[in-house]
Amino acid sequence: MALGLEAKLGDSVLTTQLDVVVNWGRQYSLWPMVFGTACCAIEFMSAAASQHDISRWGAEVVRFSPRQADLMLVCGTISYKQAPILKRIYEQMPEPKWVVAMGACASSGGVYDNYCTVQGIDEIIPVDVYISGCPPRPEAVLDALMKIQDQIKGESVLEDRHKDFKGILD
Amino acid sequence: MNTKALELIQGAFPEVPCETSIDSVVLTVQPDELEKTLTKLKKDPTLDFGLLLDVTAIDYLDYPQKSNIRFYVVYTIRNWKENLVVQVRIPVNDPEVGIPTASHIWDSANWGERETYDQYGINFQGHPDLRRILNHWQFEGHPLRKDYKIDARQVCYESDSLEKEIKARLATKGIDELTLKDINTEIMFLNIGPSHPATHGAIRILSALDGETVVANVNEIGYLHRGFEKTAEDRTYNQIIPLTDRLNYCSSLMNNVAFVKAVESWMGIEITERAQFMRVVLSEFYRALDHLVCLAALFVDMGGLTNYWYLYNEKEAAYDLISRLCGARLTSSFTRVGGMYRDFYEGWEIDMENQLKAIEKGVADSLTLVAKNRIVHDRSQNICCISPETALSYGFTGPNLRASGVPFDLRKDNPYYNYEAFDFSIPVGSNGDIYDRIMVRFEEIFQSISVIRQAMKMIPAGPVNIHDNKVTLPAKDKVYDNIEGLAGHFKLIFEGVKTPAGEWYDSFEAANGELGFHFVSDGSGKPYKCKVRPPCFYTMGGFHEMVEGEMIADAVINLSSINIIGGELDR
């Protein structure tokens with residue numbers, strides 16, 4: 001039984017919370033910015049191609065301009081040479097934004113425990129979801145996308161995200 | 001051993017000590033004789049070593065046999081017509097002083113020597129642009145020196161502006177600082193990458209434009225430098241195979257084959273017939289897949305997205321076969337020193353034949369869109385040409401060199417795994433433009449499919465691994481049931497396959513060209529040094545020759561037409 005405004009005006013009005021309606025919109029229209037550097041980017045290509053079809057989750061509008069994107073997918077190894085660029089591109093994305101570290105290299109450096117490889121991109125930018133695998137299967141990318149969607153569901157438009165993050169380049 | 005090469009070289013340089021290592025002749029030359037020797041090797045018509053394959057150095061600091069000289073620089077040079085390889089070794093008394101440059105003899109020495117400087121800190125006197133190439137500009141020290149700790153990480157806080165380099169390049173075109181300040185000159189600088197969809201990975205291209213025309217171009221690479229060579233020094237030979245997957249990740253299995261082939265040829269291992277045929281079938285299959293990805297991405301850049309679905313979907317479908325075979329989609333790790341990880345699964349022939357048919361259909365569909373397409377022709381014919389002489393001088397190999405009309409292919413010129421028994425042809429281009437590079441790749445897909453079908457008919461039954469308990473693991477029932485098997489298993493896993501001490505270079509025709517490995521072994525189960533000769537690296541070194549004078553939009557499709565793969569480019 002409807003209460004309040006809905007009881008008076010019937011089906012023509014729907015009341016909800018601002019957070020719920022905004023998050024619903026954000027969840028199903030994520031625009032990924034693919035920061036593809038290595039092998040994982042090839043698996044992202046598979047996730048985007050016909051068979052796995054990322055558009056089933058409303059995230060097929062792949063933007064290479066960070067200014068038009070809200071989901072950063074870091075696909076591949078990040079070297080120290082690349083790190084300042086990753087940080088700058090992250091900063092160019094407007095809030096709210098989410099970051100997925102795809103694969104072992106982006107999550108932890110992977111097999112490359114050496115002088116040139118950043119041991120996980122969370123040393124530079126905040127990360128929301130990590131995907132394991134070297135490289136992960138496309139299904140794992142889709143799983144991460146659903147995890148981000150779940151996370152967005154629980155967020156509030158009033159709160160800033162990751163305000164206190166401090167990486168090695170800050 | 002190549003006796004013909006040894007006689008030829010010994011005859012040409014009677015006073016220089018010569019030895020052989022597998023197929024190559026090794027000359028040891030003092031720095032003051034270097035320029036004369038290299039010039040003779042290239043210019044003398046009886047020698048005609050036109051292709052400088054690679055430049056590297058060796059640091060003997062920890063080598064068991066001590067010598068007074070710590071560093072040697074090695075130039076690996078090929079005469080592709082006669083199938084001769086020469087390695088010129090030069091002792092370096094003082095790395096700060098270094099040795100004379102070879103960059104005026106071969107253009108490919110420019111990048112090769114820069115890498116040697118970056119990784120080993122060896123100076124090349126007279127080099128036009130000696131600065132770091134793989135590591136970032138704030139890096140201190142030289143990582144491939146034996147006294148550099150593998151985990152000594154150095155943070156880079158800021159990207160290099162490249163301002164000095166692009167201005168130097170402009171100056172070679174007659175545009176100096178004064179012209180730039182002139183109000184009537186409109187030179188615009190445009191930076192593409194390293195994170196840009198057109199760069200297919202992490203490459204940075206900085207162009208100086210006049211309108212839409214590229215006047216000068218400089219590139220920066222190394223954004224995906226992952227320390228393959230340093231990491232490999234700390235792994236057993238079989239443990240390096242998974243790392244080679246990640247060199248050219250579009251054709252991982254070819255890297256696996258190239259790597260183990262290099263190790264086996266030094267150890268004198270003759271793998272089984274079946275394993276040889278398996279390697280041919282799978283290498284050619286991956287060559288076709290590699291070209292599919294390259295062409296799919298190229299047509300996306302050109303605006304023909306439909307081709308992406310026709311071509312890439314077949315690559316995607318091929319993953320079903322590949323994952324049934326080796327358990328992974330992208331990173332196969334399918335070879336072992338002495339054979340293969342395992343045999344084909346039952347019924348693979350049917351899957352393979354279906355897959356080949358599907359690839360043929362996808363490629364044919366794409367060709368109906370492309371072959372007579374006016375837009376494709378206008379955008380690719382006579383665009384970004386490179387002459388055969390320039391391409392050879394920059395160390396181009398593979399489809400990019402063949403597109404310029406040079407029919408060099410190791411499968412024909414230095415056949416291995418019975419390639420001489422297969423009936424296939426090497427497509428060559430006539431102009432060295434983007435169109436030729438596209439069409440050479442299309443044709444190579446068909447040629448590879450033909451080789452696979454021939455090999456599938458001829459493949460013999462039998463074991464896929466040799467029986468040698470110093471090389472291949474014993475069968476599992478032996479490991480579980482008796483102590484010799486168990487001990488042998490542990491020993492091989494922990495110590496690795498031991499190679500005789502020495503140095504050698506061996507190469508393989510990968511999808512992008514000559515993929516070579518230069519090893520130094522100290523007799524243990526781990527390589528003392530493992531240097532990759534990546535085909536992409538030298539192709540990228542000649543990029544500016546192709547795009548200067550062309551439109552900026554053509555530079556983008558030119559980059560996709562030469563198929564630069566970051567993992568292999570930067571290692």
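# Reading loops, interface and core

Tutor: Let us begin with a residue in chain A: Pro135(A) sits in the loop that runs between strand S4 (129–131) and helix H6 (138–153) of chain A. The model before us is a predicted one.

Student: Which residue does a cis peptide bond join to Pro135(A)?

Tutor: The partner is Cys134(A), and omega for this cis bond is about -10 degrees. A further cis peptide bond links Glu95(A) to Pro96(A), with omega about -5 degrees. Pro96(A) also belongs to a loop, the one between H4 and strand S3 (98–102) of chain A.

Student: Let us turn to backbone angles in chain B. What is phi of Asn83(B)?

Tutor: Phi of Asn83(B) is near 55 degrees, which is a positive value in a residue other than glycine. Asn83(B) lies in the loop between strand S4 (71–79) and strand S5 (84–92) of chain B. Cys384(B), likewise not a glycine, has a positive phi near 50 degrees. Its place is the loop between helix H12 (374–380) and helix H13 (388–393) of chain B.

Student: Is Cys384(B) buried or exposed?

Tutor: The test is the relative accessible area, and a residue under 20% is called buried. Cys384(B) has a relative accessible area of 0%, and therefore counts as buried.

Student: I should next like to read the interface. How many residues does the contact take from chain A and from chain B?

Tutor: Chain A gives 38 residues to the contact and chain B gives 47 residues. The area buried between the two chains is about 3700 Å², and carbon and sulfur atoms give 60% of it. On the side of chain A, Lys81(A), Tyr112(A) and Tyr115(A) lose the most area to chain B, together 24% of what that side buries.

Student: How many salt bridges are there between chain A and chain B?

Tutor: The count is three salt bridges between chain A and chain B. In one salt bridge the side chains of Asp113(A) and Arg153(B) meet, at 2.8 Å from N to O. Polar contacts between chain A and chain B come to 18 residue pairs, both residues being at pLDDT 80 or more.

Student: Which elements give two or more residues to the side of chain A that touches chain B?

Tutor: They are strand S1 (32–36), helix H3 (39–48) and helix H4 (83–92) of chain A. H3(A) supplies the largest share of that side, with six residues. Sorted by class, the side of chain A that touches chain B holds 22 nonpolar, twelve polar and four charged residues.

Student: How is a pair of aromatic rings described?

Tutor: The description uses the distance of the centres and the angle of the planes. In this model the count is 28 aromatic pairs over all chains. Tyr60(B) and Tyr63(B) form an edge-to-face pair, with 5.3 Å centre to centre and 80 degrees between the planes. Tyr60(B) and Tyr63(B) are both buried. Phe517(B) and Phe519(B) form a stacked pair, with 6.0 Å centre to centre and 15 degrees between the planes. Both of these phenylalanines, Phe517(B) and Phe519(B), are buried too.

Student: Which residues do ring pairs link into a cluster?

Tutor: The cluster consists of Phe277(B), Tyr416(B), Tyr417(B), Tyr419(B), Phe422(B), Phe424(B) and Phe508(B).

Student: Let us consider single residues in their surroundings. With which residues is His544(B) in contact, leaving aside its neighbours within four places in sequence?

Tutor: They are Arg169(B), Asn217(B), Asn219(B) and Tyr394(B). With Tyr394(B), the side chain of His544(B) makes a polar contact of 3.2 Å. His544(B) itself is part of helix H20 (residues 543–547) of chain B. The relative accessible area of His544(B) is 14%, so this residue counts as buried.

Student: Is Ile166(B) buried or exposed?

Tutor: With a relative accessible area of 1%, Ile166(B) is buried. This residue is found in helix H4 (residues 163–172) of chain B. Beyond its neighbours within four places in sequence, Ile166(B) has contacts that include Phe189(B), Leu206(B), Ala216(B), Asn217(B) and Val218(B). Asn217(B) also appears among the contacts of His544(B).

Student: May we close with a whole helix? Which residues are buried in helix H7 (residues 237–245) of chain B?

Tutor: The buried residues in that helix are Tyr237(B), Ile240(B), Ile241(B), Leu243(B), Thr244(B) and Asp245(B). Their cover includes helix H6 (228–232), helix H8 (252–267) and strand S11 (335–336) of chain B. Strands S13 (502–510), S14 (513–521) and S15 (527–533) of chain B are also included in that cover.

Key: Residues numbered from 1 in each chain as written. Chains lettered and ligands numbered in written order. Predicted model: local features only at pLDDT ≥ 70, side-chain atom pairs only at ≥ 80, totals over all residues. Heavy atoms only, no water. Contact = heavy atoms within 4.5 Å. Buried area = accessible area lost by both parts, 1.4 Å probe. Salt bridge = Lys/Arg side-chain N within 4 Å of Asp/Glu carboxyl O. Polar contact = N/O pair within 3.5 Å; in protein donor to acceptor, adjacent residues only side chain to side chain. Helix = DSSP H or I, 4+ residues; strand = E, 2+ residues; numbered from the N terminus. Nonpolar A, V, L, I, M, F, W, Y, C, P; charged D, E, K, R; others polar. Phe/Tyr/Trp six-rings, centres within 6.5 Å; stacked < 30°, edge-to-face > 60°. Buried < 20%, exposed > 50% of the residue type's maximum accessible area, 1.4 Å probe, protein only.
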